[in-house]
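Me: Could you take a close look at one part of this structure for me and place it in its surroundings? I'd enjoy one connected walk through it.

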Amino acid sequence: MTVSIQTRFFALVCILVLMLPLAGCKSNSPDHASSSEPAPPAEFPVNIGDAVRIQKRPEKVVSLSPALTEWVYDFGLDSQLSGVSDYCDYPADVKALASFGTPTQPKVKELLALPADLVITSAPLAESDLIALQQRNIEVLVISHTNSIDQLWDNYLTLCRAFLGELSGPVKANEIIGEQKAALNAFVADSLPDDQKLTAIYLRITNLTMATGDTLEGAFLQQMGVQNAAAPYENWNYPEDKAVELEPDIIFADNHITMDNLTATSIYKTTTAVKNKRVLFVDGTAIERQGPRMFAEFKRMSEFLIVPAEESASAA
């Protein structure tokens, strides 16, 4: 009986001794349990769609789009910009940057020699040019012109993510989008029945090229609370056989058009807008590039809607 008790006691001591290293190992490894926790989020890499993966913050970006170049400056990202397209002209600071051609004829050798970290463009490059850049780890990001207000906000976000990363990019984008939404809300008119709304058009070219219902400009006309006379149509084409029905109260016209152009054209000279001099000429380039300058022009357009007719003649 005594031997049995001693044997059991000895066995118990052995078990305890063997367990001590395991216990010590667990207590001395506080990071063991946390090692399976996900790593904190990082700025980069940034994945955009299925084809673009930006591995690190780009410091030598080349923009082949006048519109995107404007955005880069307006968003305060120009310190990362090293080159522009042959057609980039705003702001004036772009004149100090090297030119790298156009989307249809990019200067690939110069881009490789820079070397660029990222090329941004509004139009796709030729496949051969794209492959040449990608083989040297230069990503090409296409941010296309949009016809949707919601897609415009997505485009702003995409550009900010590409430049700043997954954490800082959305913060910057939300700041910019918030400012533009506030501007938009400031000039959105109260909703009225169609038969009580002013009828308006946004005219790009006098040959009936105007903002139809499938354009961003058309969407903003709707936001302003006017009835867009071209809303039922598509692709900036107002049908010629409907020209006799065109009777806008307001004409917003690209500033390359003049009042003489309108009065010399049978389509417009008899309209209420021209007879009452309710025509506002706007910066069509700023609108087409879809950056913050666009919202300044839309603000002018909205304010013009409430200008008394006798005061509107000077706007022409």
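The residue I have in mind is Thr158, which is found in helix α5. Is Thr158 buried or exposed, and which residues is Thr158 in contact with, leaving aside its neighbours within four places in sequence?

Reply: Happy to. Please keep in mind that this is a predicted model. Thr158 has a relative accessible area of 17%; the cut-off for buried is under 20%, so Thr158 counts as buried. Leaving aside neighbours within four places in sequence, Thr158 is in contact with Ile48, Leu141 and Ile143.

Now for the helix itself. The largest nonpolar core has 55 residues, and helix α5, spanning residues 149-164, gives the most to this core, with nine residues. Among the residues with the most contacts inside that core are Ile120, Tyr156, Phe163, Phe252 and Met301. Ile120 makes a good next stop: setting aside neighbours within four places in sequence, its contacts include Leu159 and Phe163, as well as Leu141, Leu68 and Val72. Ile120 also touches Val61, Val62, Ser63, Leu64 and Ser65. Apart from this core lies another one, of 18 residues, with Ile201, Leu246, Ile257 and Val274 among them.

Let's turn to the sheet. Five strands form an open sheet in the order β5-β4-β3-β6-β7, with parallel pairing. β5 (98-99) and β7 (139-142) each have a single partner strand and stand at the edges, so one side of each is left without a neighbour in the sheet. Further in, strand β3 (residues 61-63) and strand β4 (residues 81-84) run parallel and are joined by two bridges. Val62 has Gly83 as its bridge partner in β4.

Helix α2 (residues 66-74) packs on this sheet, where it touches β3, β4 and β6 (118-121). The direction of α2 makes about 155° with that of β4. α2 is mostly covered, as seven of its nine residues are buried: Ala67, Leu68, Thr69, Glu70, Trp71, Val72 and Tyr73. This brings us back to your helix, since the elements covering the buried residues of α2 include α5, along with β3, β4, β6, α11 (284-289) and α12 (292-304). After α2 comes Gly76, with a positive phi near 75°.

To return to where you began, Thr158 is a buried residue in helix α5, the helix that gives the most to the largest nonpolar core.

Definitions and conventions
Residues numbered from 1 in each chain as written. Predicted model: local features only at pLDDT ≥ 70, side-chain atom pairs only at ≥ 80, totals over all residues. Heavy atoms only, no water. Core = buried A, V, L, I, M, F, W, Y, C linked by side-chain atoms within 4.5 Å. Buried < 20%, exposed > 50% of the residue type's maximum accessible area, 1.4 Å probe, protein only. Helix = DSSP H or I, 4+ residues; strand = E, 2+ residues; numbered from the N terminus. Contact = heavy atoms within 4.5 Å. Pairing = 2+ DSSP bridges. Axes fitted to C-alpha atoms, helices over the stretch in contact; angles between N-to-C directions.
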